[in-house]
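Trainee: Before we go through this structure, could you show me how each label is reached from a value and a cut-off?

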Amino acid sequence: MTASDELRLLPWSGPEGKPCYLSTDDRGGYLSRLADNIEAVQLGTAAELLDQASETLDDEDADLEDVRQLAQELTRTLRDVLRVAVSRGSLLAASEPQRP
């Protein structure tokens, strides 16, 4: 098993929105691969939404409700991307050799 500081933050939440973590030495295991795939989808969704946001914000005739919905989607997606960044940053830190 991994040390407590090497837990992987998963790209989904548990009950009541609490974070989920994976403790494993097998980065090629089923749950690790599933998390990798979900993270890739989340990052792809963020890229698509960023393009949509640029188009919407450039449209001077954009409906206020469309802009509000866009802001909600951007907030949700930014939360997902931040979780991916934290998770991957932790994985990188855990894989770096310890310096004396």
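**From values to labels**

Mentor: Let us begin with a helix in this predicted model: the 29 residues of α1, taken at 1.5 Å a residue, should span 42 Å, and the end C-alpha atoms of α1 are 42 Å apart, which agrees.

Trainee: Why is E55 called exposed?

Mentor: E55, which is found in helix α1, has a relative accessibility of 59%, and exposed means over 50%, so E55 counts as exposed.

Trainee: What makes E39 buried?

Mentor: The relative accessible area of E39 is 1%, and buried means under 20%, so E39 is buried. The buried residues of α1 include E39, along with S32, A35, Q42, A46, L49, A53 and T56.

Trainee: Several of those positions recur at short intervals; what does the helix geometry say about residues three or four places apart?

Mentor: An α-helix has 3.6 residues a turn, and therefore residues three or four places apart point the same way.

Trainee: Why is the contact of R8 and D36 called a salt bridge?

Mentor: The N to O distance between their side chains is 2.7 Å, and the definition asks for a side-chain nitrogen of Lys or Arg within 4 Å of a carboxyl oxygen of Asp or Glu, so the pair qualifies. It links distant parts of the chain, with R8 in strand β1 (residues 8-13) and D36 in helix α1, 28 residues apart.

Trainee: Why are R8 and D36 given unlike burial labels, and which labels are they?

Mentor: R8, at 7% relative accessibility, counts as buried, whereas D36, with a relative accessible area of 34%, is partly exposed, because that label covers values between 20% and 50%.

Trainee: How do you know that E39 forms a salt bridge with R8?

Mentor: The closest N and O atoms of E39 and R8 are 3.2 Å apart, and the cut-off is within 4 Å. E39 lies in helix α1 and R8 in strand β1, so this pair ties together parts that are 31 residues apart in sequence.

Trainee: What makes R8, D36, E39 and R88 one network?

Mentor: The side chains of R88 and E39 also meet in a salt bridge, at 3.0 Å, N to O, with R88 in helix α2 and E39 in helix α1, 49 residues apart. Salt bridges that share partners join R8, D36, E39 and R88 into one network, and a search of the whole structure finds 3 salt bridges.

Note on methods:
Residues numbered from 1 in each chain as written. Predicted model: local features only at pLDDT ≥ 70, side-chain atom pairs only at ≥ 80, totals over all residues. Heavy atoms only, no water. Helix = DSSP H or I, 4+ residues; strand = E, 2+ residues; numbered from the N terminus. Buried < 20%, exposed > 50% of the residue type's maximum accessible area, 1.4 Å probe, protein only. Expected span 1.5 Å × (residues − 1).
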